[in-house]
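User: Please take a close look at one part of this model, the nonpolar surface patch and the helix residue that takes part in it, and then set that part against the interior of the chain.

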Amino acid sequence: MEEAVRDGVAEQRERLMESLRIYGGHYAELSRRFAAWLGLHSTDATAVLEIAAAEERGTPLSPARLSERISLSTGATTALLNRLEAAGHITRAREHSDRRVVTLRSGGHIQERADEFFGPLARRLDAAMSHYPPQFLEQFEAFMADLNTTMDSHLTEQHAVTPRGDTTLPSHP
């Protein structure tokens, strides 16, 4: 470990983590601005984006999966979906052979509005990433997958030890 500190690896890791925190803050601010632009509460806009993104990936969400992704109770998610459906932002469909399974779809205008809002940034990010060779981007993708897996595991473990509704974080030794 002392060798890693001497050659600057520990400092580099700290800089990387700080950059990820800054990026996360920027993403949260962008999401907040998108919500305001749509005239929605930030949680509603986050849900709409999750639904549209999953649909774009070809893996549409169920209400239960959306609830997990946006960290809401099933009751709160149902109320949110009722609001979004009444406003025409989403639809609930029974597309599976098991008619109990509900699939969430975004309203046609949502993708257009998201493209309008996020399109300029997507082009700028694409231009920024175009400066890096594909091998570097593959390594970075693997790095981010490792970080996300680690974070998911930690959150799952923390959820298992923290009673529902208790906002007190576990103490660290």
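Analyst: Leu-16 is a residue of helix 2, and this placement, like everything that follows, is read from a predicted model. With a relative accessibility of 38%, Leu-16 counts as partly exposed, because that class covers values between 20% and 50%. Leu-16 joins Tyr-132, Phe-136, Phe-140 and Phe-143 in a nonpolar surface patch of about 440 Å². The greatest contribution to this patch is made by helix 7, which spans residues 134–161 and provides three residues.

The interior can be set beside this patch. The largest nonpolar core has 21 residues, and those touching the most other members are Leu-66, Leu-80, Leu-81, Ile-90 and Leu-104. At least two residues of this core come from each of helix 2 (9–38), helix 3 (42–56), helix 4 (63–70), helix 5 (74–86) and helix 6 (108–129), with helix 3 supplying the largest share, seven residues. Helix 2 therefore holds Leu-16 of the patch and also supplies at least two residues of the core.

Within the core, Leu-81 can be followed in detail: once residues up to four places away in sequence are set aside, Leu-81 touches Ile-51, Pro-63, Leu-66, Ile-90, Arg-92 and Leu-104. Of these partners, Leu-66, Ile-90 and Leu-104 are also named among the core residues that touch the most other members.

A polar residue offers a further view of the interior. Ser-67 is found in helix 4 and counts as buried because its relative accessibility is 8%, where the limit for that class is under 20%. Beyond its neighbours within four places in sequence, Ser-67 is in contact with Leu-72, Ser-73, Thr-74 and Thr-77. Between Ser-67 and Thr-78, which stand eleven residues apart in sequence, the C-alpha to C-alpha distance is 8.8 Å.

For the chain as a whole, the protein has seven helices and two strands, arranged along the sequence in the pattern α-α-α-α-α-β-β-α-α. Buried residues account for 19% of its 173 residues, and the accessible surface comes to about 12,500 Å², with 56% of that area belonging to carbon and sulfur atoms. Where contacts join residues at least 6 apart in sequence, 43% of them link residues at least 24 apart.

Note on methods: Residues are numbered from 1 along each chain as its sequence is written. This is a predicted model: local features need pLDDT of at least 70, side-chain atom pairs count only at pLDDT 80 or more; totals for chains, interfaces and linings use all residues. Side-chain values use heavy atoms; hydrogens and water are left out. A nonpolar core is a set of buried Ala, Val, Leu, Ile, Met, Phe, Trp, Tyr and Cys residues joined through side-chain atoms within 4.5 Å. Buried means under 20% relative accessible area, exposed over 50%, partly exposed in between (1.4 Å probe, protein chains only). Helices (H or I, at least four residues) and strands (E, at least two) are DSSP runs, numbered from the N terminus. Contact means heavy atoms within 4.5 Å. Accessible areas come from the Shrake-Rupley method with a 1.4 Å probe; for residues, only the protein chains shown count as cover. Patches are made of residues with over 30% relative accessible area and no salt bridge: like charges are joined within 9 Å, nonpolar side chains (Val, Leu, Ile, Met, Phe, Trp, Tyr) within 5 Å. A salt bridge is a side-chain nitrogen of Lys or Arg within 4 Å of a carboxyl oxygen of Asp or Glu.
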